[in-house]
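Please read the following notes with the coordinates open beside you. They deal with how the helices pack against one another and with a few individual positions in that packing.

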Amino acid sequence: MTKRLQELLEQLQKGDEWQAIEAAEALGELADPSAVPALLKTLQSKDWCHEIDSLMNDGEKGKGVNKSHLAVATVQLANDINALRSASATALGKIGSAEAVPGLIEALFDDHLTTPKNEAANALRQIGTPEALQALTSC
């Protein structure tokens, strides 16, 4: 594994949302199949639900959180996570590894957010295995 790949994987997992988005995009450009597990983890992550719940709970408990600021922060966090998950799906399509197909199919059928779902469909089209193409005709 190259130093650049290691740095990008760390940035994907430990950076803030925008650093992670940049890392996902760069991983797609590198097209190294060893990035697939980390990108799938990011695509399938539900950790963002806990972050939003935490923000909402702080607001309900009156921890000095202004309700309008809370609403803006919640929407911004959801948008950032949506962008990160979409960037991960796009990167998986650029890498083109069949290893990503089951996770992309899961995102295609189980995701409630339109953008990651669309990017998963595009990635499946790019990968083009029979399993990927069949999933696209089933949705």
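1. Two residues are said here to be in contact when heavy atoms of theirs lie within 4.5 Å. The model is a predicted one, and the points below should be read with that in mind. With this meaning of contact, α3 and α6 meet through L40, L43 and Q44 on the α3 side and through G103, L104, E106 and A107 on the α6 side. By class, the residues of this contact comprise four nonpolar, two polar and one charged.

2. As to the geometry of that pair, the axes of α3 and α6 come within 10 Å and cross at roughly 15°, and α3 is therefore roughly parallel to α6. The crossing of α3 with α6 is left-handed.

3. Helix α3 (residues 36-44) also packs against helix α1 (residues 3-14), their axes coming within 10 Å and crossing at roughly 15°. Since angles under 35 degrees count as roughly parallel, α1 and α3 are described as roughly parallel to each other. This crossing, too, is assigned as left-handed. The residues that meet are L9, L12 and Q13 from α1 and A38, L39 and T42 from α3, and they divide into four nonpolar, two polar and no charged.

4. How do the axes of α1 and α2 cross? Those of α1 and helix α2 (residues 17-30) come within 8 Å at a crossing angle of roughly 145°, and the crossing is left-handed. On the α1 side the contact draws on R4, L5, L8, L9, Q11 and L12, while α2 supplies Q19, A20, E22, A23, A24, A26, L27 and L30. The residues of the contact of α1 with α2 fall into ten nonpolar, two polar and two charged.

5. One position in α1 deserves a separate remark, namely E10, which is found in that helix. E10 is classed as partly exposed because its relative accessible area is 48%. From E10 to A20 the separation is ten residues in sequence, and their C-alpha atoms are 8.8 Å apart in space.

6. The largest nonpolar core has 36 residues, and those with the most contacts inside it are L12, L27, L39, L92, L104 and L124. The elements that give two or more residues to this core are α1, α2, α3, α5, α6 (101-110), α7 (114-127) and α8 (130-138). For L27, once residues up to four places away in sequence are set aside, the contacts are with L5, L8, L9, L12, D32, A35, L39 and I95.

7. Is S88 buried or exposed? This residue is found in helix α5 (residues 67-95), and S88 counts as buried because its relative accessible area is 0%. Apart from neighbours within four places in sequence, S88 is in contact with L12, A24, L39, T42 and L43.

8. I95 lies in helix α5 as well, and with a relative accessibility of 11% I95 counts as buried. Leaving out residues up to four places away in sequence, I95 touches L27, A31, D32, P33, A35, V36 and L39. Among these partners, A35 is 60 residues from I95 in sequence, although the two C-alpha atoms are 8.6 Å apart in space.

Definitions and conventions
Residues are numbered from 1 along each chain as its sequence is written. This is a predicted model: local features need pLDDT of at least 70, side-chain atom pairs count only at pLDDT 80 or more; totals for chains, interfaces and linings use all residues. Side-chain values use heavy atoms; hydrogens and water are left out. Axes are lines fitted to C-alpha atoms, for helices over the stretch in contact, and angles run from 0 to 180 degrees between N-to-C directions. Helices (H or I, at least four residues) and strands (E, at least two) are DSSP runs, numbered from the N terminus. Angles under 35 degrees count as roughly parallel, over 145 as roughly antiparallel, 65 to 115 as roughly perpendicular and the rest as oblique. A crossing is left-handed if the near helix is turned anticlockwise from the far one by less than a right angle, and right-handed if clockwise. Ala, Val, Leu, Ile, Met, Phe, Trp, Tyr, Cys and Pro count as nonpolar, Asp, Glu, Lys and Arg as charged, and the others, Gly among them, as polar. Buried means under 20% relative accessible area, exposed over 50%, partly exposed in between (1.4 Å probe, protein chains only). A nonpolar core is a set of buried Ala, Val, Leu, Ile, Met, Phe, Trp, Tyr and Cys residues joined through side-chain atoms within 4.5 Å.
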